[in-house]
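This report goes through a few local features of one protein chain. The sequence and structure come first, and the notes follow.

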Amino acid sequence: MQPKVMMKKKNISASKASLILFLCQIVSALDVPLDLLQPPTITQQSPKDYIVDPRENIVIQCEAKGKPPPSFSWTRNGTHFDIDKDALVTMKPNSGTLVINIMNGGKAEAYEGVYQCTARNERGAAISNNIVIRPSRSPLWTKEKLEPNQVREGDSLVLHCRPPVGLPPPIIFWMDNAFQRLPQSERVSQGLNGDLYFSNVQPEDTREDYICYARFNHTQTIQQKQPISVKVFSMDSLNDTIAANLSDTDIYGAKPVTERQPVLLTPTGSTSTKVELRGNVLLLECIAAGLPTPVIRWIKEGGELPANRTFFENFKKTLKIIDVSEADSGNYKCIARNTLGSAHHVISVTVKAAPYWITAPRNLVLSPGEDGMLICRANGNPKPDISWLANGVPIAIAPEDPSRKVDGDTIIFSHVQERSSAVYQCNASNEYGYLLANAFVNVLAEPPRILTPANKLYQVIADSPALLDCAYFGSPKPEIEWFKGVKGSILRGNEYVFHDNGTLEIPVAQKDSTGTYTCVARNELGKIQNEVQLEVKDPTMIIKQPEYKVIQRYGQVSFECIIKHDSTLLPTVIWLKDNDELPDDERFLVGKDNLTIMNVTDKDDGTYTCIVNTTLDSVSASAVLTVVARPNPPFDLELTGQLERSVELSWVPGDENNSPITNFVIEFEDGLHEPGVWHYQTEVPGTQTTVQLKLSPYVSYSFRVIAVNEIGRSQPSEPSEQYLTKSANPDENPSNVQGIGSEPDNLVITWESLRGFQSNGPGLQYKVSWRQKDVDDEWTSVIVANVSKYIVSGTPTFVPYEIKVQALNDLGYAPEPLEVIGHSGEDLPMVAPGNVQVHVINSTLAKVHWDPVPLKTVRGHLQGYKVYYWKVQSLSRRSRRHVEKKILTFRGNKTFGMLPGLEPYSSYKLNVRVVNGKGEGPASPDKVFKTPEGVPSSPSFLKITNPTLDSLTLEWGSPTHPNGVLTSYILKFQPINNTHELGPLVEIRIPANESSLILKNLNYSTRYKFYFNAQTSVGSGSQITEEAVTIMDEAMASRQVDIATQGWFIGLMCAVALLILILLIVCFIRRNKGGKYPVKEKEDAHADPEIQPMKEDDGTFGEYSDAEDHKPLKKGSRTPSDRTVKKEDSDDSLVDYGEGVNGQFNEDGSFIGQYSGKKEKEPAEGNESSEAPSPVNAMNSFV
């Protein structure tokens, strides 16, 4: 489904709204202000054909305006109606409206007639239409005796309504005694005349309460006809009746229901005529009898049915064409067709026309001496006659006026004077009706006046038309000019449109169109001007429209509607669902710029529209919400075409819930063998609703259908009816037949049993047969019950057998089964692999070879070979340890393999064994082999002790895994200076039998890094690293210790720590308040060279430096109180140079460390390491 997003926009100041305003202004421009002399104008009157309720007062309207106010009089049936002589008739004050008081004893029938109102003043007289007053009538049905209708099944029937003639005609409908409308269809329908037509009757049409009702809307009454009884005789009931009265030897039987080709019930004959008036609704009807029920089709001979105006009603039996015109005249053919033939009827339609205006006369305002004309043009079929009246009198007998000349449908006025003022009536009539129009000629001499209020404010949206009103009046007609601004020039050009009624139109208003506009009206009697204001606003826009959404049932969905609008306009946002208000449901949450629907249900499916309204414009955007879900289950499952091995299943799909059904899954239940268990049968595409199913014999089938769409599977349908198929021989034999011995002297034959529905009948058994392969033996067979295993005993060890298993039941055997090859039981292999050879590749890898054993000695399925190997001893250590054997398995008939993960310089043994399904055979003789030397592991430890001013003592342990004979140790070391740079690298080779070394001639108070590893003849092993520091001069160390233990020094350190704590607290408080350190300005003015100011960018303190060299103290050089150096406290901690540090200070300030080495890469000279100053130096620099 393609996404659907719609956007609509309309400006109230444009399009339809502007057109309506413009037309209103044209009308108002012709109106004479009521403070000026003018002839009467009829403003309101009752309809020409006025049907009144006889129970209520009759009100005949006649309202008019004029100056002076007009007086009113009435005629009835062409003669003067003296209302003063009838106490029941009154005229409303200042009005011509008559009120006939029926409710006080009058009778409406006494006042039937044709009424006409005349409104008159000194300038003329206007008349109303002829108003025909008729009281409505709702007569009762005449009494009649209705005989029951007895009809044979399949025949046609017409039940006549024949309602009483009422005014206006009643509305007809058929109901039963329970006031329920009778159902109608293509077969049974009501005609335009109210009769009920049956194209063919069925037994279910039998009933005794067919009642025709007539509703008279004007009097709000309903009349009821007597019930009509219909009894339909079916052929089955008729045959039963005949059979009850005849002997068994008689031949009887009524004819079955016979199908008939269509015959038209209405209209009768082959042709008819119809006359309709222009503008009315044309209704043509064709109802046909026939069996099967005929279908109606309409055509227009020699043309097409009018598009957009043609509708079909009453199951296409009625053709409806609205707003007909002369072009709709012609021959219309209805065709009734069923499988046996067709019938047709041609209706010749003629469209006549009551008079209608082409140009209706309009009021004419002239100044003395001017010319003018009244035009009255009408058309109709037949063409109407035009006649003129002056002040309600035929113009031929009206007082003469020298300025007036009648020329057919036109009256021409020349050099009029004030006495020429009058009201003229134009009457256009033909046999189908008449038109009457009043138009006055008013001769006035008036200076211009502007009727639009001064400084009226117009507001429009940019890029839409602006219509500035300048309603005016004057006689002679004033000329209108427009100016922009107080002293602007006259407006001209294509960017403006000047309308005859004075309106200035700016077709495309822009922001710079805003301002003051001046309208000037002038004629020979004077001049007047008026100012109006125009404001052009930015259009309202939806910048983020709602988007098409697909959501699963019970989910949540949101539509966005983000708007942009002029800041001076106040928008309101309304959400609609399917062009109606949102449901009153708390699940619908309307936010500022979105609509959220919680827990979506199927009813929420539809189109959601966001409408943004301001006082000037309105925009909307719509999006479709599609709620999807798993389909509803199929229903109405039906089995047809039942055969022994097949059946046709059909069903009706359930609702797909807006996600197309992709396929249907059909499952079956075997109620005979596995009741309650459903099995997969097949599946078909989602467009298919029937399927031919293959069946098995002796199964009690029930089927169910599951619909599937993209969301998931539906619930299963209700099961179909059961269908039991007949028994038959089995169609198939057991599958997965195997023969595998469990002991050396047996053969176990197994198979997968047939399922219940595969048995095809009762008494399912199996015929098991076997014989030794490649031996000329007969088959041995046995019949067993419905099991899945049989054991043959006394077989030779591991020999092949031919095996087959055949199904049978009470009706016979299945087809001949296929043979499979099995083997009797296996035994352990008899011999070990020979000629085992080992080739040592390197110190950790060896390759072993062996000869395969003869297959006959395997006595089973050869699975492979196993190599057992174990370390006897290390050649570098003579001590033995616990022997741990390792096993490698090589699948198949492989005769070599690799032994990885060996230890260097060691002695190993191995043997090889063959493996079959039963187990392992005997082992080959042990084979001894040795691995060569390798490089040693790192020394087990490295300790540095006894630091002095110029020496350090190193102690170490031999490698845990020497992997050969140690030849020497390699010691490398280099100093680390205060800038963490590594000094020159010194290398010393130490004999392998040494375990300690004293390094002398070292620099005092210097850190050294050591790299230590062992060597064999193969090469160097992994190294271990460690660091240590020589002590400083003893006198200096003593002085440092003395200072550090003095009370004043401890007090100073506490004061400094307290000061730092206070500064930190103040800093954090100021930082949280968004301010800066409050004493910053003072620090800037009185800077302490030993204390750096706090950084402004991150709110931290600057580093402290020594007064002598001004070098920054590195972070982490401070030593904690427990005199340990932690990794997380310092990036340059001693922890970086070993896996563990547990250092402490002696009383003389020397550093004692216990180091354990860690592996590092081979050192290189240069800046590859950094130094952390010793804890004592750090403390000394702080002081």
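In which helix does Ile-1062 lie? The model is predicted, and in it Ile-1062 belongs to helix H5, which covers residues 1047-1072.

**A nonpolar surface patch**

Ile-1062 is one member of a nonpolar patch on the surface, formed together with Leu-1058, Leu-1061, Ile-1065 and Ile-1069. The accessible area of these residues together is about 460 Å². Ile-1062 itself has a relative accessibility of 45% and therefore counts as partly exposed, since that class lies between the buried limit of 20% and the exposed limit of 50%.

**Backbone features in loops**

Four loop residues carry backbone features that can be listed together. For the two prolines the angle is the omega of the preceding peptide bond, and for Asn-94 and His-415 the angle is phi.

| Residue | Backbone feature | Loop between |
|---|---|---|
| Pro-267 | cis bond from Thr-266, omega near -5° | strand E21 (260-266) and strand E22 (271-277) |
| Pro-382 | cis bond from Asn-381, omega near 5° | strand E32 (377-381) and strand E33 (385-390) |
| Asn-94 | positive phi, near 55° | strand E8 (89-91) and strand E9 (98-100) |
| His-415 | positive phi, near 45° | strand E36 (410-413) and strand E37 (422-430) |

Are Asn-94 and His-415 buried or exposed? Asn-94 has a relative accessibility of 81%, so Asn-94 counts as exposed. His-415 has a relative accessible area of 56% and is exposed too. The cut-off for this class is over 50%.

**A buried aspartate**

Asp-670 is found in strand E60, residues 663-670. What is the nearest side chain of opposite charge to Asp-670, and how far away is it? That side chain is Arg-755, at 8.3 Å. Asp-670 is buried and has no salt bridge; a salt bridge would need a side-chain nitrogen of Lys or Arg within 4 Å of a carboxyl oxygen.

The side chain of Asp-670 does have polar partners. A polar atom of this side chain lies 3.1 Å from the backbone nitrogen of Leu-672. The side chain of His-673 makes a polar contact with the side chain of Asp-670 at 2.5 Å.

Beyond the neighbours within four places in sequence, Asp-670 is in contact with Pro-675, Val-677, Val-699, Ser-700, Gly-756 and Phe-757. To sum up this site, Asp-670 is buried without a salt bridge, while its side chain has a polar contact with the side chain of His-673.

Key:
Residues numbered from 1 in each chain as written. Predicted model: local features only at pLDDT ≥ 70, side-chain atom pairs only at ≥ 80, totals over all residues. Heavy atoms only, no water. Helix = DSSP H or I, 4+ residues; strand = E, 2+ residues; numbered from the N terminus. Buried < 20%, exposed > 50% of the residue type's maximum accessible area, 1.4 Å probe, protein only. Patch = residues over 30% accessible without salt bridge, like charges linked within 9 Å, V, L, I, M, F, W, Y side chains within 5 Å. Areas by Shrake-Rupley, 256 points an atom, 1.4 Å probe, with all protein chains shown as cover. Lys, Arg positive; Asp, Glu negative; His and termini not counted. Polar contact = N/O pair within 3.5 Å; in protein donor to acceptor, adjacent residues only side chain to side chain. Contact = heavy atoms within 4.5 Å.
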